[in-house]
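Reader: I should be grateful for a close look at a single part of this structure, namely the place where the ligands are held. Please explain it in connected prose that a first-year student can follow.

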Amino acid sequence: MRTGIEQIRLYRVDMPLVRPFRTSFGTQTTRDVLLVEARTSDGHSGWGECVAMEWPGYSYEYVDGCVDVMTEHLIPAVLSTNDERSLDPAFVHAQLAGIRGYPMAKTALTTALLDAWLRGRAERLVDYLGAAYPNELRDRVPCGVSVGIPPDENIDSLLDEVAGYIDEGYLRIKLKIQPGWDVQAVRAVRETWPKILLQTDANQAYRRDDVDLLRAMDPYDLLLVEQPLPEEDLVGHAMIAAAIDTPVCLDESITSIEVAESALALNATSIINIKPGRIGGYVAARDIHDLCRDRGVPVWCGGMLETGIGRAANVALAALPGFTLPGDTSASGRYFGLDVTKPFVLDDGYLHVPQEAGIGVQPIAAVLEELTTWSAFFRHD
Ligand code: OSB
Ligand code: MG
């Protein structure tokens with residue numbers, strides 16, 4: 001028998017955040033994160049991270065729901081054969097095609113399988129995703145940082161936090177906003193740092209008739225405002241985009257390449273935040289990048305407070321040439337005191353793309369064991 005999937009393992013890991021992360025949809029103090037390991041019959045392990053949060057606040061997916069859909073549907077589908085095809089990305093995609101939705105759960109599983117398959121071929125994820133432009137792949141990516149709403153809603157707390165990130169070398173600041181915490185925060189940061197790259201993220205907190213609140217931030221030279229309105233409201237985003245000067249960038253709304261095309265056709269967005277977990281995988285994310293690059297639409301790599309596993313794959317993706325804006329690909333230390341992998345460290349505002357095969361990193365066994373709160377395994381039988 002040629003190489004196939006030998007076993008799939010799930011690990012639920014508890015990762016305390018270095019500071020609470022508050023957005024318009026709620027506050028996270030710890031990252032309750034699901035990791036997937038795919039072990040192959042020839043001894044490779046591939047890894048994927050599920051970016052769903054503990055509760056369905058960003059999208060409908062959440063960790064318990066992802067465990068359920070993986071256990072009941074996704075893992076049985078990929079374990080239905082254990083011949084060499086079981087790792088082939090096109091075959092895996094076809095096996096899962098009949099299961100709708102759950103892009104975060106699918107991304108975690110398919111990334112683990114892709115990582116294992118690439119390790120078997122000694123190929124890096126960045127080279128696989130960027131095969132169409134081998135000479136334009138970068139070996140480091142520019143990094144921004146996403147700054148939550150301070151729990152005390154105090155402007156000085158915000159300025160202290162931003163000052164720390166600027167000292168560390170972050171190249172762009174993103175402020176989380178919501179009605180009541182928007183123009184005053186933006187104005188304070190802009191007045192303190194007149195030249196920094198600055199943008200905002202509302203995570204769907206506004207409505208169509210809040211256009212005056214959004215227009216009030218136009219004087220502060222923002223790169224973009226991310227996802228002001230609900231996910232489904234593409235036409236509303238087009239109305240906002242026409243009414244304000246700040247470019248609109250969609251995050252939650254962009255759930256597939258078809259939605260990306262629709263949003264661009266409607267002028268609902270002029271920049272796209274690419275998150276593989278939201279779209280259903282790294283290949284789908286690459287395809288949206290290719291579409292945007294062809295159309296001259298800038299993209300950047302979003303983040304979901306990933307561990308080193310998800311971060312490694314995101315950094316590989318962000319090395320593609322269309323990622324022209326700094327991503328939410330911050331260093332491990334911005335999130336965690338202890339990461340499950342070797343930490344990603346900021347170097348002059350950049351993270352380095354891992355050089356090893358697959359996603360290029362693996363968990364440190366002792367750390368994974370220490371942080372794991374639950375695990376399960378599945379085999380072909
Ligand atoms: O909307 O981009 C978002 C974190 C969790 C859920 C949604 C979002 C975010 C962030 C943080 O903004 C990005 C990061 O640093 O990982
Ligand atoms: Mg966002």
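Author: The following account begins with the metal site, continues with ligand 1, and ends with two other places in the chain. The model is predicted.

The magnesium ion (ligand 2) is coordinated by three residues: Asp201 and Asp251, each through OD, and Glu226 through OE. The coordination distances run from 2.1 to 2.3 Å. Along the sequence, these donor residues follow the spacing D-x24-E-x24-D. Asp201 belongs to strand β7, which covers residues 197-201, while Glu226 belongs to strand β8, residues 225-226. The two residues are 25 positions apart, and the pair thus links distant parts of the chain.

Are these two donors buried or exposed? Asp201 has a relative accessible area of 1%, and because this is under the 20% limit, Asp201 counts as buried. Glu226 is likewise buried, since its relative accessible area is 0%.

Asp251 leads from the metal to the other ligand. This residue coordinates the magnesium ion, and a polar side-chain atom of Asp251 also lies 3.1 Å from an oxygen atom of ligand 1. Asn203 places a polar side-chain atom 2.7 Å from an oxygen atom of ligand 1. Met304 takes part through its backbone, where an N or O atom lies 3.2 Å from an oxygen atom of ligand 1. Taken alone, ligand 1 exposes 390 Å², and the protein buries 100% of that area. There are 17 residues around ligand 1, and those that come nearest are Ser146, Lys176, Asn203, Leu305 and Tyr335.

Another residue to examine is Arg172, which lies in strand β6, residues 172-176. Arg172 is buried, because its relative accessibility of 1% is under 20%. What does the side chain of Arg172 reach? One partner is the backbone oxygen of Pro326, at 3.3 Å. Another is the side chain of Asp328, with which the side chain of Arg172 makes a polar contact at 2.9 Å.

The last place is on the surface. Val235, Met239 and Leu266 form a nonpolar patch there, and together they have about 260 Å² of accessible area. Leu266 is found in the loop between α9 (257-265) and β10 (271-274). Its relative accessible area is 39%, and Leu266 is therefore described as partly exposed, a term for values between 20% and 50%.

In summary, Asp201 and Glu226 are buried donors of the magnesium ion, and ligand 1 has 100% of its area buried by the protein.

Terms used:
Residues are numbered from 1 along each chain as its sequence is written. Chains are lettered from A and ligands numbered from 1 in the order in which they are written. This is a predicted model: local features need pLDDT of at least 70, side-chain atom pairs count only at pLDDT 80 or more; totals for chains, interfaces and linings use all residues. Side-chain values use heavy atoms; hydrogens and water are left out. Donors are N, O and S atoms within 2.8 Å of the metal (3.2 Å for Na, K and Ca); water is not among the atoms, so sites may look incomplete. Helices (H or I, at least four residues) and strands (E, at least two) are DSSP runs, numbered from the N terminus. Buried means under 20% relative accessible area, exposed over 50%, partly exposed in between (1.4 Å probe, protein chains only). Patches are made of residues with over 30% relative accessible area and no salt bridge: like charges are joined within 9 Å, nonpolar side chains (Val, Leu, Ile, Met, Phe, Trp, Tyr) within 5 Å. Accessible areas come from the Shrake-Rupley method with a 1.4 Å probe; for residues, only the protein chains shown count as cover. A salt bridge is a side-chain nitrogen of Lys or Arg within 4 Å of a carboxyl oxygen of Asp or Glu. A residue is near a molecule or strand if one of its heavy atoms lies within 4 Å of it. A polar contact is a pair of N or O atoms within 3.5 Å; within protein, one must be able to donate a hydrogen and the other to accept it, and residues adjacent in sequence count only if both atoms are side-chain atoms.
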